[in-house]
Each structure stands twice: as structure tokens, then as C-alpha cells.
Amino acid sequence: MFASTNRIVRTLQKVLASRPDLRLPRWREECSNDTCSLAGHCALGAEAAYWLLGHGKAGWKQYHMKWEGISHWFVRNVKTGEVVDPTSEQYSTTPDYRLGHGGWINRGGRGPSLRAQEVILEVRRRMGVDHV
């Protein structure tokens, strides 16, 4: 049985919020968990979501845009149009996902980065499943 998208995203958000050490150095300096525990995790969150939700085989694609003056990543299902943005809470306004354009966060789709692998394993552990 596969987990729902909402359950995967909620668990992913909890993992990201608990791991400020996984932010890239630039974001560790600029973000604090006092302002938003998800700030600075958008690329990692979108990359992990892409793989957890079934990647390109399930119709997911990674997207990039600028929102509120900063770089932002999310995923969209090209078959259904569904947008998944695990870190949207970091913004004061809802991102306009129509502004996004396709791209690759890391490795050109050849597999998750080491940081994303760590997050994916923790999401699966917390959900009590081998795969989602």
C-alpha cells in the first residue's frame, strides 16, 4: 500500500524542521528555526519529495522560480498538474507556481543526492515503511 501525498509531505516537513544541519552553509547563516523551520530547505525538500512521490515515472518534475526575492524549488506532476511544495510556509504570501520553470536540483535525475537520501530514509523510518 502506498502512502498518500499529504502524509508523505507532512512527514517530510517534520524531518526537514528537525534537521537545520542539512541546510547548505549559506542558508544556515541566513535562516533560523525561530523564523521558520522550513526556510532554507526548499531545494532539499523538493528533491526528496520528487523521489518519495515516484519521480519522473509517476509524472513528477522539479521546478524552480524566484519568490519574494529568493530562489525557490518545488515539484509539479505534469500528468495531473498537482503542485507539492514542502516548504511554502516559509513565505508570507502563497507562491505563484505558474512562474516556475523545469530544472534539476541535483544530479540530473540520476538519483537523490546524499542529503536527500538521508532525508528519504528518515521519512520512510518515521512512516514505518520500506517505500512510499
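Read from one end to the other, the chain runs α-α-α-β-β-β-β-α. That makes four helices and four strands in total, as seen in a predicted model. With 132 residues, a compact globule should have a radius of gyration near 14 Å, and the chain agrees because its own value is 14 Å. Along the principal axes, the C-alpha atoms take up a box of roughly 40 × 30 × 25 Å. Buried residues account for 44% of the 132 residues. Contacts also reach a fair way along the sequence: counting pairs at least 6 residues apart, 58% link residues at least 24 apart.

On the outside, the chain exposes about 7200 Å², and carbon and sulfur atoms supply 50% of that area. As for charge, there are 19 positive and 13 negative side chains, with the centres of the two sets 7 Å apart.

Now to the inside. The largest nonpolar core has 27 residues, and Leu12, Leu53, Val75, Val84, Val119 and Val123 are the ones with the most contacts inside it. Helix 1 (5-17), helix 3 (42-52), strand 2 (70-77) and helix 4 (114-127) each put in at least two residues. Helix 3 gives the largest share, with eight. A second core, separate from this one, has six residues, among them Tyr63, Phe74, Tyr91 and Tyr97. Val84 is a handy place to look at the packing: setting aside neighbours within four places in sequence, Val84 is in contact with Thr5, Val9, Ala49, Leu53, Trp60, Phe74 and Val75. Phe74, listed in the second core, is thus also one of the contacts of Val84.

Helix 3 deserves a closer look. This helix is mostly covered, with 10 of its 11 residues buried. The buried set is Cys42, Leu44, Gly45, Ala46, Glu47, Ala48, Ala49, Tyr50, Trp51 and Leu52. Their cover includes helix 1, strand 1, strand 2, strand 3 (83-84) and helix 4. In general, an α-helix has 3.6 residues a turn, so residues three or four places apart point the same way. In helix 3, though, the buried residues include the unbroken run from Leu44 to Leu52.

Ala48 sits in helix 3 and shows what such burial looks like for a single residue. Ala48 counts as buried because its relative accessible area is 0%, against a cut-off of under 20%. Leaving out residues up to four places away in sequence, Ala48 touches Leu12, Ala116, Val119 and Ile120. Two of these partners, Leu12 and Val119, are also among the residues with the most contacts inside the largest core. Ala48 and Gln117 are 69 residues apart in sequence, yet their C-alpha atoms are 7.5 Å apart in space.

A few backbone angles are worth a mention too. Helix 3 is followed by Gly54, which has a positive phi near 115 degrees. His55, in the loop between helix 3 and strand 1 (60-67), has a positive phi of about 50 degrees despite not being a glycine. With a relative accessible area of 22%, His55 is partly exposed. Glu68 likewise has a positive phi of about 50 degrees and is not a glycine. This residue lies in the loop between strand 1 and strand 2, and Glu68 is partly exposed, at a relative accessible area of 40%.

Conventions
Residues are numbered from 1 along each chain as its sequence is written. This is a predicted model: local features need pLDDT of at least 70, side-chain atom pairs count only at pLDDT 80 or more; totals for chains, interfaces and linings use all residues. Side-chain values use heavy atoms; hydrogens and water are left out. A nonpolar core is a set of buried Ala, Val, Leu, Ile, Met, Phe, Trp, Tyr and Cys residues joined through side-chain atoms within 4.5 Å. Buried means under 20% relative accessible area, exposed over 50%, partly exposed in between (1.4 Å probe, protein chains only). Contact means heavy atoms within 4.5 Å. The radius of gyration is taken over C-alpha atoms; the globule rule is 2.2 Å times the number of residues to the power 0.38. Accessible areas come from the Shrake-Rupley method with a 1.4 Å probe; for residues, only the protein chains shown count as cover. Lys and Arg count as positive and Asp and Glu as negative; His and the chain ends are not counted. The place of a charge is taken as NZ of Lys, CZ of Arg, CG of Asp or CD of Glu.
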